[in-house]
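These are my notebook entries on a structure that I examined element by element. I set down what I looked up, in the order in which I took it.

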Amino acid sequence: MSNLIFDSVTKIFGEGSSKYVALENINFEAESGQLILVIGPSGSGKTTFLTIAGGLQTPTNGDVKINDSTINSLSKKQQTKLRLEKIGFVLQSYNLVPFLTVEEQFKFVDKLKNQNLTEQKMHELLSDLGLLELLKKYPNQLSGGQKQRVAIARALYTDPDYILADEPTAALDTDRSMKVIELLRDLAHKRNKIIIVVTHDLRLKDMADKVYQIIDGKMTILEK
Amino acid sequence: MFLAIKEMLHEKLRYSLIVALIFLVSYLLIILTGLATGLANLNKAAINEWDASSIVLNSDSEGRLQQSFLSQDEVASLPNNGTRISQYSTLVKSENGLKENAQLVALDSKSFIFKKLKITSGSKNIRNNAGVVSDKFKSDGFKIGDYLLVANSSLRIKITGFTPRATLSALPVVYISPDTIQSLNKGVTNAVVFKNTLNNSKIPKGTNQLSIGSFINKLPGYSAQQLTFNFMIGFLYIIILIVISIFLYILTVQKLPNLGVLKAQGVSTQYLVLSTLFQSFIMSVIGVIIAIILGEITAITLPSEVPIVIDKSNIIVTGIGIIIMSLLGALIPIRQIAKVDPYKIIGG
């Protein structure tokens, strides 16, 4: 059972008159098998929240814990290793390496992790996501929805404890947005992952297990 | 290096253009180095063949053989294991009209220099107005038994043998005996060459001992010529450095968003840096190999009058130099890679 905890996390940028509080005293907890939505308007602090959860930034105050170990005290190198092994990122754009085919995106992960997963595992994953026919295609030959599905598959390929998704549906129409979020929810439930989706798309609220809202750096949980 | 290779294979045109630039500059570098070596050899090949350590000349000669005249007393007070050199520059002609500017160098047939001379054809005989001549004469049509008619003189030198790598100050050498040169320069001794370096106490007043290296550097025009070539070669190395830096910098800036996302996904900076260094290394190796092959072909096809020598040591030094410059050129883009903050890419 994995968990991700924000314990009184505050993030402040700048000093003096240019001081800006991006996150204020955030308490947050996520457990395996949950799809969690973090919603809020632009500039509310959603992405700051996501990057702190992914170890890309450290909080000014408070602790971020993964499976009860504090990640903000890790060195940059350790944080990079943590991201490679425990976290899967799904981003709005630039998700895929442009000069690698879909198949090579997965082989690249193998090389990075010095693992040699069987082709069967890769094919199973791609088959589950309906991507098998895209194996030899480059990202610029895929539609927006296909790119996001490949990005999700790649994020899952390393079997991370949790997946952080930043506006994964921003470039998609309603139908495709729903499909992607359904896919993420199924993955959270069936594969027992923590999936945190940061979005300003309120249409997705009903699909999540928990919904948090950030406004002006303050986080509240919304009743469903 | 999976990422580096895949990127190069996918972006063939971009990387081929950089390889083409490295090749062009490397090719120019190899040709210039070859010419520098060839011209240097033309000046000093004969001296290298002597396999000597030092030379004693008149102290007022500024290290120039032609300007040095040693008195009989000075020569006599030097150790007798040296080779006395008497030199005379002139035009020689064959009986059938072939002409050649040459350096006549007179030495004793028992001297260590003469004993060291190699013969490619004929015999090693300089008695009775005979001469062992540079094989440049052979390639210009002279044959064993031909007579060299010395300009402004009645002296006739019979060619008895050809010797390789015998050029001095860019002119082919004709080795003759001291008796033969007597009629041209009254048998004056210009210098005495030694296998070893003499103790200063053995150097008579009015003379100066130079190492063979210093003596070569003082050959007329030699240092100026080599400095000019070295300047051009050095400048080309800098051009390679700049070209690689600019191209890799532009390529890196273009892919910064991707690099940021890769970092966010757990790809270490070290991996991305090594990837860029590897690309730079591969491009320079390919560029250098093509340049070497084409340089060798050029050297073979150029007319023999062009003094180009592309030898192994030149190729190794030039190749390593270009590869080092290429790796140094990758340092600026590497700095960009190290500075990419994934948060800024994701956070916008």
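Entry 1. I began with a single bridge: A:Phe6 has A:Phe28, in strand 2 of chain A, as its bridge partner. The model is a predicted one, and I read each entry below with that in mind.

I then looked up the pairing around that bridge. Strand 1 (residues 3-13) of chain A is joined to strand 2 of chain A by eight bridges, and the two run antiparallel. The hairpin of strand 1 and strand 2 of chain A has six residues between the strands. Within this hairpin I noted A:Gly14, which takes a positive phi near 75°.

Entry 2. Which strand of chain A does strand 1 of chain A meet through five bridges? I found strand 4 of chain A, and this pairing is antiparallel. As a bridge partner for A:Asp7, I recorded A:Asp63 in strand 4 of chain A.

I followed strand 4 (residues 61-66) of chain A onward to strand 5 of chain A, to which two bridges join it in antiparallel fashion. Here A:Ile66 is set opposite A:Ser69 of strand 5.

Entry 3. I next assembled the sheet of chain A. It is open, has four strands in the order 2-1-4-5, and is antiparallel in its pairing. Strand 2 (20-31) and strand 5 (69-70) of chain A are the edge strands, since each pairs on one side only. As a general reminder I wrote that strands of a sheet pair through backbone hydrogen bonds, either parallel or antiparallel.

Entry 4. I turned to the contact between the chains. Chain A contributes 23 residues and chain B contributes 18. On the chain B side, helix 1 (2-10), helix 9 (256-264) and helix 13 (342-347) each supply at least two residues. Which helix of chain B gives the most to this side? I found helix 1 of chain B, with five residues. By class, the side of chain B that touches chain A holds nine nonpolar, six polar and three charged residues.

Entry 5. I looked up how chain B is divided. Domain 1 comprises 2-43 + 223-347, and domain 2 comprises 47-218. Taken over C-alpha atoms, the centres of these domains of chain B lie 45 Å apart. Four residues of domain 1 and five residues of domain 2 of chain B make the contact between them. The domain 1 side of this contact in chain B has one nonpolar residue, three polar residues and no charged residues.

Entry 6. I examined a helix pair in chain B. Helix 2 (residues 12-50) and helix 11 (residues 312-329) of chain B have axes that come within 10 Å and cross at roughly 145°. The crossing of helix 2 of chain B with helix 11 of chain B is right-handed. From helix 2 of chain B, the contact residues are B:Ile22, B:Ser26, B:Leu29, B:Ile30, B:Thr33, B:Gly34 and B:Thr37. Helix 11 of chain B adds B:Asn314, B:Thr318, B:Ile322 and B:Ser326. I sorted this contact by class into four nonpolar, seven polar and no charged residues.

Entry 7. I closed with one residue of helix 8 (residues 222-254) of chain B, namely B:Leu227. Is B:Leu227 buried or exposed? I entered B:Leu227 as exposed because 10 other C-beta atoms lie within 10 Å, and the cut-off for an exposed residue is 12 or fewer. I also looked up B:Leu227 against B:Pro257: they are 30 residues apart in sequence, and their C-alpha atoms are 47 Å apart in space.

Methods
Residues are numbered from 1 along each chain as its sequence is written. Chains are lettered from A and ligands numbered from 1 in the order in which they are written. This is a predicted model: local features need pLDDT of at least 70, side-chain atom pairs count only at pLDDT 80 or more; totals for chains, interfaces and linings use all residues. A residue is buried if 20 or more other C-beta atoms lie within 10 Å of its own, exposed if 12 or fewer, and partly exposed in between; C-beta atoms are placed from the backbone. Two strands pair if DSSP finds at least two bridges between them. Axes are lines fitted to C-alpha atoms, for helices over the stretch in contact, and angles run from 0 to 180 degrees between N-to-C directions. A crossing is left-handed if the near helix is turned anticlockwise from the far one by less than a right angle, and right-handed if clockwise. Two residues are in contact if their C-beta atoms, placed from the backbone, lie within 7 Å. Ala, Val, Leu, Ile, Met, Phe, Trp, Tyr, Cys and Pro count as nonpolar, Asp, Glu, Lys and Arg as charged, and the others, Gly among them, as polar. Domain bounds come from an automatic or database domain assignment.
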